[in-house]
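Please open the model in a viewer and keep the sequence panel at hand. The tour proceeds by selection, from the whole chain to single residues.

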Amino acid sequence: MLRFSAAFGALALIVYASTVLTLYLRQDRLLFPASIHPLNTPPPGMQEISLRTADGLILKSWFHESSPNAPVIVYFHGNAGSLNWKGDRLEHFAQAGFGVLALEYRGYGGNPGHPSEAGLYRDAMAALDFLQEKGVLPERIVLYGESLGTNVAVQTALHRAVAGVVLDSPYTSIADAAAYHYPYVPARLLIKNRFDTLTCIPNLSRPLLVIRTTEDRVVPPAQSLAVFEAAQQPKEVWTTDHATHATVLEHGGMPVVLDFVRRVTATN
């Protein structure tokens, strides 16, 4: 019986170690489930553009040019799919009279390269460089980050002047999110791309809007609230009980975001 117990324990340890190793080796695939299908025809009123990153990649993205004094939203989408999934949202922003620069990351939407934390930051900087070359003033720019893109938005705002930042369902860090979804492994020790928002959000000095849902099953709602609470003023939070992680805008969040964008760009 003792031998059986020892053998069973050894087998369980091997299976556990194998599971941990598999998660470690596959973490990029889990974190960046990109759609590599090339971008579709842009939504009405938008055009496909090419952005050049600091490390030499050419990224296809979408741009809607507005009137010279209108706000411009720079959109950083979440970790899954591509911009092909975001056409309705982007079209709504454009119909509201805003300029829109929807960034498609490296490794997504047929773009070259492989996504990583450092890589996505470079991609975001390329988007801001594009607007600067177009003569768009910083006080007209609002960064919109969705899910994974919330950290990208915060990091970008820490390095570039903008009018404001919108965070749609932010997380404290990818390590924290991984620990929530994989409580049976030492997830915090395994994560390479940490996207630690809670550490950097206190340094954000621009107006902030956080939108979130209490029904989030991807990012624990408490994490989104913790990000908001760690930020300095001026800041606002809007919460719904009637949306999923990916549908906060579609369940009441859109007019809140449009109002925030108009206000922070009007006062600059």
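The stops below move from the overall chain to the sheet, then to helices and individual side chains.

**Conventions**

This is a predicted model, in which local features need pLDDT of at least 70 and side-chain atom pairs count only at pLDDT 80 or more, while totals for chains, interfaces and linings use all residues. Residues are numbered from 1 along each chain as its sequence is written, and side-chain values use heavy atoms, with hydrogens and water left out.

**Stop 1: the whole chain**

Select the chain and colour it by secondary structure: 10 helices and eight strands appear. Helices (H or I, at least four residues) and strands (E, at least two) are DSSP runs, numbered from the N terminus. Of the 268 residues, 51% are buried; buried means under 20% relative accessible area, exposed over 50%, and partly exposed in between (1.4 Å probe, protein chains only). The chain exposes about 12,300 Å², of which carbon and sulfur atoms supply 58%; accessible areas come from the Shrake-Rupley method with a 1.4 Å probe, and for residues only the protein chains shown count as cover. Among contacts (heavy atoms within 4.5 Å) with a separation of 6 or more, 72% join residues 24 or more positions apart.

**Stop 2: the sheet**

Next, display the strands alone. In what order do the eight strands of the open sheet run? The order is E1-E2-E4-E3-E5-E6-E7-E8, with mixed pairing; two strands pair if DSSP finds at least two bridges between them. Strands E1 (47-52) and E8 (235-240) are the edges, each pairing on one side only. Neighbouring strands of this sheet are turned by 20° against each other on average, direction ignored. Axes are lines fitted to C-alpha atoms, for helices over the stretch in contact, and angles run from 0 to 180 degrees between N-to-C directions.

**Stop 3: strand E3 and its partners**

Select residues 72-76, which form E3; five of its five residues are buried. In a regular strand the side chains alternate between the two faces of the sheet. Here Val72, Val74 and Phe76 point one way, and Ile73 and Tyr75 point the other way.

Add residues 99-103, strand E4, which pairs with E3 in the parallel sense over five bridges. Phe76 stands opposite Leu103 of E4. Then add residues 141-146, strand E5, which also pairs with E3 in the parallel sense over five bridges. In E5, Val72 has Ile141 as its bridge partner, and Ile73 has Val142.

Bring in helix H3 (residues 87-95): E3, H3 and E4 make a right-handed β-α-β unit. A crossover is right-handed if, with the strands pointing away from the viewer, the path from the first strand over the helix to the second runs clockwise.

**Stop 4: helices H5 and H6**

Show H5 (148-159), which lies across E3, E5 and strand E6 (164-168) and runs at about 150° to E5. H5 is largely enclosed by the rest of the structure, because 10 of its 12 residues are buried. Among them are Asn151, Gln155 and Thr156.

Continue to H6 (residues 174-181), where Ile174, Ala175, Ala177, Ala178 and Ala179 are the buried residues. What covers them includes H2 (27-31), H5, H7 (187-190) and H9 (221-230).

**Stop 5: Gln223 in helix H9**

Gln223 lies in H9 and is buried, with a relative accessible area of 10%. Not counting residues up to four places away in sequence, Gln223 touches Pro170, Tyr171, Thr172, Ser173, Asp176 and Ala177. Measure from Gln223 to Tyr171: the C-alpha atoms are 5.2 Å apart, across 52 residues of sequence.

**Stop 6: His64 in strand E2**

Select His64, in E2 (residues 58-64). Is this residue buried or exposed? His64 is buried, at 15% relative accessible area. A polar atom of the His64 side chain lies 2.8 Å from the backbone oxygen of Gly45. Beyond neighbours within four places in sequence, His64 contacts Gly45, Met46, Ala94, Phe98, Gly99 and Val100.

**Stop 7: Asp123 in helix H4**

Finish at Asp123, in H4 (residues 117-133). Asp123 counts as buried, because its relative accessibility is 0%. Apart from neighbours within four places in sequence, Asp123 is in contact with Thr53, Leu59, Leu103, Tyr105 and Arg106.

Key. A polar contact is a pair of N or O atoms within 3.5 Å; within protein, one must be able to donate a hydrogen and the other to accept it, and residues adjacent in sequence count only if both atoms are side-chain atoms.
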